[in-house]
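User: I'm new to this and would love a close look at one part of the protein. Could you walk me through its salt bridges?

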Amino acid sequence: MQTILVPIDFSDASRAASLYAATLAKATGAKLLLFHSYMIPTPVSEVPYVMVSVDEIQEENEKFIRREAETLQANFDVEVETLIQIGMPSDEITILAEEKQASLTVIGMRGAGSIDKLIGSTTATVVRKSKTPVLVVPHDFVFRPVSEIVYASDFSYASTKALFAPLVDIGTKYNARVSVIHVHKSPGATLSDAEQQAKTGITTSLAALNPAFTVINDDSISHGIKTYIEEKNADLLVMVAHRHNFFDRLFSKIHTTEMAYDTRIPLLILPDKNR
C-alpha cells in the first residue's frame, strides 16, 4: 500500500477509523491522508443571527485535523498528510480517492440497524460510489491483529490479482488465515460450471494466502455470513462490490431488512472495475 485515505469528521467513529488506518499504515509502510470535507452553512431561519464565516470554519477545521495528525504521527510514527475542502463529503471522498490513487479508503461507521443507519449516509454513499477499495470500521472497534479473514463471494464475477491486492497485502502482513465462503440457499446444491470457474480464479488470485473454501447452506445469505464470521471469530470480512450480486443488492435495497446484517468487525469492500 502507498496511500491510505482517511475521511474524518472528528467524531468517535472517524477516530476509530483513523487509529485502524494508522496501524495498517505502520504495518504496510503506507502514508496516511487525513481528509475533512464540509458544507457551507445555509441560513434557513427568518430570525436574524450571526453567521460564522468560511474563514473561521476553515481555521477551526485546520486546528482539529492538525491535532489528529500530530497524535497519529506521535503514536504510530507514520507519515501523515492533511487536506480540507468545501463540498459534499461523499462526493469529495470518492473523487479524492481516485485523484490520489489511494490504495485504500478507511472510513468509520456508527449505529446499528439497517445499512444506512449502520454506517451513516456518507459512508453508505462512499461504499456505493467508490471505484477504489473501502474499509469500513465500526465506531467501537479496537484494532487487533488480523489473524482470521472471511471473504464472502457468490462466485459471479471474474477475479484478478489487482482486485484482491488490498486483501493479499493485509493477509500477508499479518500471516492471516483466509476462508472463502459461498452461501447456498438450497441444501446440498453443487456449484455450477460458471461458479466452479470463478472459484478456480479466486484460488489462483489468492494463491499467496492459501485460502480454504466453505459452502454454507442457509435460507438467508446475510444470516449465513454473520453466523460464520461469529463462529470463526473473524477479524475482517471481505466482499466485492459487483453489479447484480448479493452485495450490490444488500447495499442498494437498504429497506430489505432480511438482507441487512449488523457486522461488528471491519468490512473490506473491493470494487469490481467492471461494475
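Analyst: Sure, let's start with glutamate 148, which forms a salt bridge with arginine 177; their closest N and O atoms are 2.5 Å apart. Glutamate 148 sits in strand β6 and arginine 177 in strand β7 (residues 177-184), so this pair ties together parts that are 29 residues apart in sequence. Keep in mind that the model is predicted. The two partners sit in contrasting spots: glutamate 148 has a relative accessible area of 9%, so it counts as buried, since the cut-off is under 20%. Arginine 177 comes in at 52%, so it is exposed, the cut-off there being over 50%.

Next up is arginine 144, which makes a salt bridge with aspartate 235, with 2.4 Å between the closest N and O atoms. Arginine 144 lies in the loop between β5 (134-138) and β6 (148-152), while aspartate 235 is in the loop between α7 (221-232) and β9 (236-241), so the pair ties together parts 91 residues apart in sequence. Aspartate 235 is buried, with just 4% relative accessible area, and arginine 144 is partly exposed at 29%.

Now for a pair that involves helices. Arginine 15 forms a salt bridge with glutamate 68, and their closest N and O atoms are 2.5 Å apart. This one links distant parts of the chain: arginine 15 is in helix α1 (residues 12-28) and glutamate 68 in helix α2 (residues 54-76), 53 residues apart. Arginine 15 is partly exposed at 32% relative accessibility, whereas glutamate 68 is buried at 12%. There's a third member here too: Asp12, Arg15 and Glu68 are linked in a network of salt bridges. Altogether, the count comes to seven salt bridges.

Definitions and conventions
Residues numbered from 1 in each chain as written. Predicted model: local features only at pLDDT ≥ 70, side-chain atom pairs only at ≥ 80, totals over all residues. Heavy atoms only, no water. Salt bridge = Lys/Arg side-chain N within 4 Å of Asp/Glu carboxyl O. Helix = DSSP H or I, 4+ residues; strand = E, 2+ residues; numbered from the N terminus. Buried < 20%, exposed > 50% of the residue type's maximum accessible area, 1.4 Å probe, protein only.
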